[in-house]
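Please walk through this structure starting from its ligand and the residues around it, and then moving on to the pairing of aromatic rings.

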Amino acid sequence: MSRVAVFVSGNGSNLQAILDAAASPSYPAQVVLVVSNKAGVFALERAQKAGIPVQVIPHGDFPDRSSFEDTLIAAVEKAGADLIALAGFMRVLSPRFVERYPNRILNIHPALLPSFPGTHAIEQAWRYGAKVTGVTVHFVDKGTDTGPVVLQEAIAVSPKETLESLEKKVHSVEHRLYPEAIRLFAEGKIRVQGRKVEIL
Ligand code: GRF
């Protein structure tokens, strides 16, 4: 059984999808900790409702990034997590943090990387007039949204699509893909060689 720490900063709909999947007895991973860098966000309520331990670690309370991250590391270690899943976590992790957990940090991005990295990816793809966008689950490396791709799924964008309808489509794919990627990780079915990720 994999032990997953989920890092959040906001709504937590991806966290919810993971919690819902993990509620099934046949799911090979359990969420052992939810960490938020912001107090009062809805993701924390979702975690508490599911009976998952939460820890609020406000980045602004620390003099620098390394002391903030030391506290994140201590929380992850204490929970005995073997996987960190970033789910709308709005802080960039330093190389020191990332190197501590090689191919053990997943992130979900609401576009087909390397297109539209960074924030507001759904809106960027929509404004650009892309005919295809999608969802990427990737391992986190030292760059921003640059790590090896684990799963990707494309979504067609019609010229009449509204931003709202596209957001709905992207989120519904996210909520299926992220629990699937975590399941594959927990079952030991992800093999990484450099940038190439093989699903066994
Ligand atoms: C998702 O679209 C995810 O891809 C991006 O941030 C958003 C988080 O949404 N990284 P939620 O907090 O999971 O609802």
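A residue is counted as near a molecule if one of its heavy atoms lies within 4 Å of it. The model shown here is predicted, and in this model the residues around the ligand are Asn 11, Gly 12, Ser 13, Asn 14, Gly 88, Ile 108, His 109, Pro 110, His 171 and Glu 174. Sorted by character, this shell comprises 7 polar, 2 nonpolar and 1 charged residue. Helix H1 (13-22), strand E5 (105-109) and helix H6 (163-186) each contribute at least two residues to the shell.

The polar contacts to oxygen atoms of the ligand can be taken one by one. The side chain of Ser 13 places an N or O atom 2.5 Å from a ligand oxygen, while in the side chain of Asn 11 an N or O atom is found 3.2 Å from an oxygen atom of the ligand. Asn 14 takes part through its backbone, where an N or O atom lies 2.8 Å from a ligand oxygen. Of the 370 Å² that the ligand exposes when taken alone, the protein buries 82%, and the space that the ligand takes up is the largest pocket.

The aromatic rings offer another view of the model, with a count of 5 aromatic pairs. One of these joins Phe 116 and Tyr 128 in an edge-to-face arrangement, with 5.8 Å from centre to centre and 65 degrees between the planes. Because Phe 116 belongs to the loop between E5 and helix H5 (121-128), whereas Tyr 128 belongs to helix H5 itself, the pair ties together parts that are 12 residues apart in sequence.

Terms used
Residues numbered from 1 in each chain as written. Predicted model: local features only at pLDDT ≥ 70, side-chain atom pairs only at ≥ 80, totals over all residues. Heavy atoms only, no water. Polar contact = N/O pair within 3.5 Å; in protein donor to acceptor, adjacent residues only side chain to side chain. Areas by Shrake-Rupley, 256 points an atom, 1.4 Å probe, with all protein chains shown as cover. 1 Å grid on protein atoms, 1.4 Å probe; cavity = no way out; pocket = protein on both sides within 12 Å on 5 of 7 lines; lining within 4 Å. Sits in = over half its atoms within 2 Å of the grid points. Helix = DSSP H or I, 4+ residues; strand = E, 2+ residues; numbered from the N terminus. Nonpolar A, V, L, I, M, F, W, Y, C, P; charged D, E, K, R; others polar. Phe/Tyr/Trp six-rings, centres within 6.5 Å; stacked < 30°, edge-to-face > 60°.
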